2 protein chains.
Amino acid sequence: CDPEAVAAARAHQERLTKPRGSLGVLEEVAVRLAGAAAVSPPPVPAPAALAIFAADHGVHARGVSPWPQEVTQQMVGNFLAGGAVANAFANQVGATVRVVDVGVAADLPAAPGLAIRKVAYGTADLSRGPAMTREQAVAALEAGIATARELVEEGARCLVTGDMGIANTTASAALICAFTGRDAAEATGRGTGVDDETLTRKIEVVREGLRVNGLLREGAVPGLDILAAVGGLEHAAIAGFILGGASLRVPVILDGVIAGSAALAAAALAPDVLDHCVAGHRSAEPGHAVALAHLGLRPLVELELRLGEGTGGLLAHPLVCAAARVMHEVATFDSAGVAEKES
Amino acid sequence: CDPEAVAAARAHQERLTKPRGSLGVLEEVAVRLAGAAAVSPPPVPAPAALAIFAADHGVHARGVSPWPQEVTQQMVGNFLAGGAVANAFANQVGATVRVVDVGVAADLPAAPGLAIRKVAYGTADLSRGPAMTREQAVAALEAGIATARELVEEGARCLVTGDMGIANTTASAALICAFTGRDAAEATGRGTGVDDETLTRKIEVVREGLRVNGLLREGAVPGLDILAAVGGLEHAAIAGFILGGASLRVPVILDGVIAGSAALAAAALAPDVLDHCVAGHRSAEPGHAVALAHLGLRPLVELELRLGEGTGGLLAHPLVCAAARVMHEVATFDSAGVAEKES
């Protein structure tokens, strides 16, 4: 984050024809974008590109989700056919959609819009031991970094995180507990819809995963090892996507709880990357609020979404653009001949 | 609201390739749009047109705002020159901007984008007696209705309310108290930025206005008379704009506290118009939350904006479109070959 650009952005905000502070949270977004881009006014971050990282989870075998594992693969087909909610939202905000197979438990046919960067056919069961080897976690991080670079080379000026992976809120809950020290019951939620019995089991599975991987004591294990132990391949890829976006000074809009938990891993590896992140929304999943509080990020959209795919991040994109656009298009009191407030 | 379209929209939502309820508040928005349009799926409400109703306020003389009254007129010039935040946000969401003079305290030169529908050179001081005559309130309502009709004839498929009027949060607070029975201290806020002393005076002025106009007892006075007694010309025009949009079955996105208080007046005249309204955002002004609760509307954007002009309503437009777009573009479980949740 560039302190000169931050100061210039704040000073510019004060001269614009609007009462001071009247754009609320969006003023901070604009200042943040300026700091991240190291220039004020910051570029309007458009067009956006959504990357949906898809992967499967060994922990699915523990009965933590009511959805069959095959839905991961089927939804990839749905994204590629343009039929998912993420596609509709991407159309709404003018974003492109890239699907990245980093760990789907099946071989996917080649298709336009699909990048095969498969690290494994899903993770191992995090409740019985490490979900990934260190090497797998690094390979998935690299897949995310490469995706960020590719999308920016193709013209994206904003990256939006997306995910698809049946059972991936279980891995997110475990990551959030490990990085924040919170108990499994506080960070584990109903995901895309589990009943009370399944929720109880899911919490126990998260707790087992933390215990078996030696993660019940906060701070005892390096971030990369936490990621490998209880993360998913898409979590690791999203962490890499954040690192990649930040290194290119392109803003990254985080979607929901998957992205929030991945951002904790990215920040453990390189804390400064958070300067380049905007929290797109806050999902209904309780762990997401825990993650955002720990990251110090304020979400822009709070509409009780709990879908994933990048949907909440996409909805935030016009808001982020609006915040930046103000810095380019709005007149100053002097230039517009508008009187200022009498103090 | 059409119950068949509502039922059809709900049934359609359940077949879409997403977990039930996972779009949170946006699912209700889509159902609401279907009911209002009497068809499912409802049309995507684009393009939008913003109407900024501008007027001055006799109560400004009581020192309720730190801004000179001339700023109303100067900001009209800023809107017409494209230099205000509302212009930047309209550009972002692809909306047109119409400025409507319903009561600016000066003669404005003709300009493209400006409609002169002036009812008076500002209102009388609401703290000393009625702000408007009944005839003036009706004329301003008609100006709003005519504006809605004109914009829809020109192609708008969504109307966004906007306002400009130094001291208009004082009139809003008085309207909210009169329509909801709340005390002035609960509904009066700092507007675009008043200090503690001015806030205390502002609350007292609102209370005087309610007392002198016989509005301290809820339900004693018809809605139109309340509007005339303590409303502003832009409040009356926005109430008419809502009536006009509803009568044409075009959704109306409400901006902040000015729109919220105007919607209370519109609902008092014709309660069904609320079916056609979407609360775009919740502003930092305390009376706005009171008004929205009374109206039973849930705001889409909550970013502590307190600018007015229609800025919060514009930011909500892509969210409303996204909600409708899902109903057109997202595949069903059957058509996409995606397995459903095991119950």
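## A walk through a predicted structure

Let's start with how far the predictor trusts its own work. In this predicted model, chain A has a mean pLDDT of 96, and 99% of its residues reach 70 or more. The scores for the model are ipTM 0.96 and pTM 0.97.

Our first stop is helix α3 of chain A, which covers residues 70-80. Which of its residues are buried? They are A:Val71, A:Thr72, A:Met75, A:Val76, A:Asn78 and A:Phe79. Now imagine looking straight down the axis of α3(A): these buried residues fall within an arc of 160 degrees, so they line one face of the helix.

What covers the buried residues of α3(A)? From chain A, the cover includes the strands β1 (48-55), β2 (96-103), β3 (114-116) and β4 (158-164), along with helix α4 (85-93). Chain B takes part too, since the cover also includes its helix α14 (333-336). Following α3(A) you will meet A:Gly82, which has a positive phi, near 80 degrees.

Next, let's turn to salt bridges. Over all chains, a search of the whole structure finds 42 of them. One joins the side chains of A:Glu186 and A:Arg182, with a distance of 2.9 Å from N to O. Are these two partners buried or partly exposed? A:Glu186 has a relative accessibility of 37%, so it counts as partly exposed; A:Arg182, also at 37%, is partly exposed as well.

Over in chain B, B:Arg207 and B:Glu204 form another salt bridge, and their closest N and O atoms are 3.6 Å apart. Both sit in helix α8 (residues 196-212) of chain B, and because they are three residues apart there, about one helical turn separates them. B:Arg207 is partly exposed, at 25% relative accessibility, and B:Glu204 is partly exposed at 31%.

A further salt bridge in chain B pairs B:Glu302 with B:Arg282, whose closest N and O atoms lie 2.8 Å apart. This pair links distant parts of the chain, with the two positions 20 residues apart in numbering. B:Glu302 belongs to the loop between α12 (286-295) and α13 (311-329) of chain B, while B:Arg282 belongs to the loop between β6 (277-279) and α12. Here too the partners are partly exposed: B:Glu302 has 27% relative accessibility, and B:Arg282 has 32%.

Finally, salt bridges can share partners. Back in chain A, such sharing joins A:Arg98, A:Arg117, A:Glu150 and A:Glu154 into one network.

Technical notes:
Residues numbered from 1 in each chain as written. Chains lettered and ligands numbered in written order. Heavy atoms only, no water. pLDDT = per-residue confidence, 0-100. Buried < 20%, exposed > 50% of the residue type's maximum accessible area, 1.4 Å probe, protein only. Helix = DSSP H or I, 4+ residues; strand = E, 2+ residues; numbered from the N terminus. Arc of directions from axis to C-beta. Contact = heavy atoms within 4.5 Å. Salt bridge = Lys/Arg side-chain N within 4 Å of Asp/Glu carboxyl O.
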